[in-house]
Amino acid sequence: MANKSSQLRLGDTLSVFPAPVVRPSQYSPRILIIGGGVIGLITAWVLLDKGYRVTIVAKEWASFGKAQRLTSQISGALWEYPPAVCGQHTDTISLRHSKIWSMTSYKIFDDIASSPELSKASGVRMMPVNFFFPAPIEDIPEQFCKMKEIMSSGIRGFKRDAGLIQQRGISPTYGGAVDAYEHIAPVIDTDQAMGWLQNLVEKKGAKLITKTIHGDLFNQEDSLRAEYNADIIVNATGHGGIELAGDTTCYPIRGGLIRIINDGKDFPKIEHALAITADAAGSMNEIVFIVPRNDNILLLGGIAEPYEGTLDYTLMDPRDTREWEIRRIETVTKKTGALNFSGFDIVFS
C-alpha cells in the first residue's frame, strides 16, 4: 500500500484551483512529460501541485471537430475496480498497482462530483453501476474475488441483489442473468474533462508544446533534456511506448463505441450504467457496456481486440456495425425504441 504521506487527496496534496498547492521556486526540478492525453495531463496536475515545473510535449491535443479524437476523449470512462470488464487486464503486478491507483482516483473523483459546480465543469459525476452474471458469483472465482474486494474497499453503495435484473429491465432472454450487484462509481464526460484538465494545468503553469517525437527516448535522453531544460522525462504516450520506450511487449487493444441520444424521447431514459464482463459474457473480445453520459448521450459497447492497431472500422464494417450494437441494447434491456444515432468512435489504446 502507498505510504500515507505520498497519497493524493483533493484539497490537501491536490487542488482544483489555478494556484499550485506548492509554489515552484528557482530550484524546483523541471519535468518533461511526453504525451498530451489523460495520463499526461493528470501526471502534470499532480507534479505541478507538488511544486515541479512542467513542460508537456504532444503530437496532438483534445479536439472537438469531426476529426478522429484522442483515445482519452472517446474511451468509456466508467470507473471500474480492476480487472475491468474488457477482460484484458491479466498482468499480476500491474493489477496490484492498478487496485491502489483506482481507489486513489475513486476518492478524488467522488470529491470532485460532490460539488455541483465542479462536477459540471469537469464532467465528473457519480452514478449507480450494475454488473450482471449468468451464474451465481461464487461460481465465477475471479468475479467473486473482485466482489469481495469491492465490499471491503470503501466503494459507496454496494448492494448484491438478483432483483436488480428485473429492476433494470434486463431481458431474461439475454445470457440468462441470474445474479447481480450494484455500486456507485464515477462516470466521466471525457470531452468536458479533457478540456477542463488542459485548462487547469495551463493555469497552474504547465507549458504545452505541439511536436511529434520519434525514436527510443533512452537513446535521445540527453538531447531532449538539454532542449527542454528538463531534469526528468516522463513517458505518458500509452501505445506510443512501443516506439518511444522500445518496448515490444506493448500492444494495442482496439474497440468500438456507439453513441446514441438518451433523452427519454425515443425510449425510456437509461440512468444506470449496465455491464456484463467478458468472462461472464463468454467471450474475451466482447462485453456489454451501456453507460449514460452527462450530456444525454448513451455509450454502447463493445469489443476489445488485442493486437489490432488500425483504425479502419466503419459503420458498414461487418465486424462491428451500428445495427450490431443497437440490437445489443434491445436484447440486453427491455427498453427498446427507435434509437437516435449520434456517432461512432474507435477506441485505440
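Contact is taken to mean heavy atoms within 4.5 Å, and helices (H or I, at least four residues) and strands (E, at least two) are DSSP runs numbered from the N terminus. The structure is a predicted model, in which local features need pLDDT of at least 70 and side-chain atom pairs count only at pLDDT 80 or more, whereas totals for chains, interfaces and linings use all residues. Residues are numbered from 1 along each chain as its sequence is written, and side-chain values use heavy atoms, with hydrogens and water left out.

The chain has an average pLDDT (the predictor's confidence in each residue, from 0 to 100) of 84, and 82% of the residues score at least 70. Confidence is highest in strand β1 (residues 30–34), at a mean of 98, and lowest in helix α11 (residues 322–332), at 48. Over residues 318–327 the pLDDT is below 50, and this stretch has 23 contacts in the model beyond near neighbours in sequence. Where pLDDT is low, the predicted coordinates should not be read in detail.

Helix α1 (residues 38–49) has 12 residues and, at 1.5 Å a residue, should span 16 Å (1.5 Å times one less than the number of residues), which agrees with the 17 Å between its end C-alpha atoms. Among the residues of α1 that are buried (under 20% relative accessible area, 1.4 Å probe, protein chains only) are Leu 41, Trp 45 and Asp 49, and the elements covering the buried residues of α1 include β1, β2 (53–58), α3 (92–113) and α7 (190–203). Just after α1, Gly 51 takes a positive phi of about 95 degrees.

Definitions and conventions:
Buried means under 20% relative accessible area, exposed over 50%, partly exposed in between (1.4 Å probe, protein chains only).
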